[in-house]
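Colleague: I am new to this structure and would like a close look at a single part of it. Please take one strand and its partners, and then work outwards from there.

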Amino acid sequence: MPAQIQIGRGGPQMGAGSFDSGHSKPKNTKDTILRLLRYIKDEKVLLSLTVVSVIASTAAQLAAAYMLRPIINSIAYHEGNSSAILLKNLLVMGLIYIVEVIATMVQLRAMLSVSQNALTKIRSDLYRKMQKLPLRFFDTNSNGDLMSRYTNDVDIVGEMLNTTVIQLISSVISFVGSLALMFYTNVWLTIITIVFTPVIVYAGKFIANKGRKYYKLQQEALGDINGYVEETVAGQKVVKVFNHESIAIDEFNDLNAKLLDKQILAQFFGHTMGPVVGNLNQVCYCGTAAIAGIFCVLKGFDVGGLTIFVNYSKQFAGPINQLSTQMNTVFSALAGAERVFKIMDMEPEDIYTEIPEEVHLVMTEGKDFGEEKAPVFSSEYGYKSERCDNLGDVQGEVILNHVIFGYTKEKLILNDVSVYAKKGQKIALVGTTGAGKTTITNLINRFYEIQGGSITIDGRDIRSIDIDTLRKNIALVLQDTHLFTGTVRENIRYGRLDATNEEVIEAAKTANAHYFIERLEDGYDTILEGDGSNLSQGQRQLLNIARAALSKAPILILDEATSSVDTRTEVNIQKGMDALMANRTTFVIAHRLSTIRNSEAIMVLEQGKIIERGNHEQLIAKQGRYYGLYNSLAEE
């Protein structure tokens, strides 16, 4: 028996929010922030302009506040020509405010460009990573929850970058500037003000820690409800036909109630930050003003100095207060960023996989594939296990050698399955639902990694073949068609993007689709939307077959390609498939056994094992499981 290969945990079980369903502990906030900052570090010019503008804006704000001192003193102490002094200082203050307004506009415009560029990079990285993730990832996560990463999570990150980054820079500069001017105005009052600061900081930190936890849970609950809505909307026909509307409403209300609980806690702590910190600031402000008033009476402190000092003391605590008002956005953004980065950090689909030392590849000489016994493999011919990025001219000989596979380690789907397909042969896979037919075709595409045995193409283990190279040589037609928004021509060309218009038309003719395409309003330029909702099921399937025909892949997989169409439509599709299968190694899964009678070999699977094999005549003569399936379907 070949050595075992470990696979990831979990099988294809669809469920809303399954990717992040647990109440896991949030990641390190510092790491998340640093990772977000890496997305804006390349915008050096705009960031420099933003910083300079913030410095100018904050400095102008502090300078304008200081201008109150000479104005108030000139009035309070009747210094010289009060009117002239007042007018002069007011003009200077006006110019300073103009500078602040211009600097503010520049910083907002520059930071907007920085944040939007960062979001573009994040979305691109996220989408690029998703394209490299294995099929198992998409099997185990709902579409709605994945979409929420691009919408809710990324958007809230953008909101934070648009506003909070500027607030952070401005707050730091304002804090330093206010502190310096406070010391310049009165050292003792500054020391008294600083004494209050640790209390404010501690209160803010305590609430922030609580809020961060509940904002992460809120984002997870939001992903769950998005996933459920997406699934029920997509499956609305099923919901209605089985009268599950009330059950769907109850389940939605349950998820909605869970989201409500998380939102109340998250919003409570988020909105508590402002009032708590703000009231503590007011206490500090009142205490400072009272002591400053005593200094004016007993120590000769000027009234103008008192006025600007209490303003600066308020600005000194202002950065803490400003950040507290942004905590709702910060908490949500960090929670959303963690969810996005969690996908980015997942292991991509392996281009290559380590291969066990013992791999038996080639069927022993003298065995005829049509015999009832399973093919016997020998290692005397050796095998090719070195990494391969180019298969060259693929002949299409496919061997599954003692394959063992399970979506989970506890339950095997395929148990010691061996199949041999020569170049150009048509191999049919039949059996009851859950027997493992589709699993075999998924493994040939390397959508999943096997746990034991080997799968080879032309004597080369597919785990040594580059993923893109492997799949370029395999065409797939599924029962569930999928058409993209675009023209008919573009959907067919999806099979080979460099194909000419003539090759597209030839593929459509091969698939027996050219006739109905010509009758469409705009022919090959007809726009398809909503997964081809303006076409019949049979027409959509013919386009899928045309797409596969265009690919010219030497290996073809047809998975229940005609099971969802009527008999008359099936005749058209079957003609297209017959032309498509010519000179290709083909694996066919079919519900209607009449479509596979001319297969060179038919494999009958039951509970993950091949219990019968042979051609149609041999299996009928045996009067075993295939004989029973064929007669039961013929009677329907």
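Modeller: In strand 12, the residue that bridges to I427 is F587. The model is a predicted one, and what follows should be read in that light. The bridge belongs to the pairing of strand 5 with strand 12 (residues 585–589), which is parallel and runs over four bridges. Strand 5 also pairs with strand 13 (residues 601–606), again in the parallel sense, here over five bridges. Within that second pairing, G431 has L605 of strand 13 opposite. In general, the strands of a sheet pair through backbone hydrogen bonds, in either a parallel or an antiparallel way.

Strand 5 itself covers residues 426–431, and five of these six residues are buried, so the strand counts as mostly covered.

The stretch of chain between the two partners also comes into contact with strand 5. S599 is located in the loop that lies between strand 12 and strand 13. With a relative accessible area of 4%, S599 is buried. Leaving aside residues up to four places away in sequence, S599 touches K426, A428 and N615.

From here the nonpolar cores are a useful next step. One core has 35 residues, and among them are L400, Y448, I450 and I589. This core lies apart from the largest nonpolar core, which has 42 residues. In that largest core, I492, I517 and L543 touch the most other members. Helix 17 (residues 537–551) contributes the most to the largest core, giving seven residues. The contacts of I517, not counting residues up to four places away in sequence, are V488, I492, A508, G523, Y524 and L543. As a general matter, nonpolar side chains in soluble globular proteins tend to be buried together.

A second sheet can be described by its strand order. It is an open sheet of four strands, ordered 4-3-6-7, with antiparallel pairing. Strand 4 (414–421) and strand 7 (460–461) are at the edges; each has a single partner strand, so one side of each has no neighbour in the sheet. Strand 3 (residues 398–405) and strand 6 (residues 452–457) run antiparallel and are joined by five bridges. One position in this pairing is I399, which stands opposite T456 in strand 6. Helix 12 (residues 437–444) packs on this sheet and touches strand 3, strand 4 and strand 6. The direction of helix 12 makes about 115 degrees with that of strand 3.

Strand 3 contains a residue with a backbone angle worth noting. H402 is found in strand 3, and it has a positive phi of about 50 degrees although it is not a glycine. Most residues other than glycine have a negative phi. H402 is partly exposed, its relative accessible area being 28%. Another non-glycine residue with a positive phi is Q623, at about 55 degrees. Q623 lies in the loop between helix 19 (616–622) and helix 20 (625–634), and is exposed, with a relative accessible area of 55%.

Aromatic rings give another way to follow the chain. The structure holds seven aromatic pairs. One of them is formed by F405 and Y448: the centres are 5.9 Å apart, the planes are at 45 degrees, and the pair is tilted. This pair links distant parts of the chain, 43 residues apart, with F405 in strand 3 and Y448 in the loop between helix 12 and strand 6. F405 and Y448 are both buried. Ring pairs also join F405, Y407 and Y448 into a cluster.

A further pair is formed by F484 and Y494. Their ring centres are 4.5 Å apart and their planes are at 25 degrees, so this pair is stacked. F484 is in the loop between strand 8 (474–478) and strand 9 (486–487), while Y494 is in the loop between helix 14 (488–493) and helix 15 (501–510), so the pair ties together parts that are 10 residues apart in sequence. F484 is partly exposed, at a relative accessible area of 33%, and Y494 is partly exposed too, at 49%.

One last ring has a charge over it. The charged end of R35 sits over the ring of F341, 4.3 Å from the ring centre.

Note on methods
Residues numbered from 1 in each chain as written. Predicted model: local features only at pLDDT ≥ 70, side-chain atom pairs only at ≥ 80, totals over all residues. Heavy atoms only, no water. Pairing = 2+ DSSP bridges. Helix = DSSP H or I, 4+ residues; strand = E, 2+ residues; numbered from the N terminus. Contact = heavy atoms within 4.5 Å. Axes fitted to C-alpha atoms, helices over the stretch in contact; angles between N-to-C directions. Phe/Tyr/Trp six-rings, centres within 6.5 Å; stacked < 30°, edge-to-face > 60°. Buried < 20%, exposed > 50% of the residue type's maximum accessible area, 1.4 Å probe, protein only. Lys NZ or Arg CZ within 6 Å of the ring centre and 35° of its normal. Core = buried A, V, L, I, M, F, W, Y, C linked by side-chain atoms within 4.5 Å.
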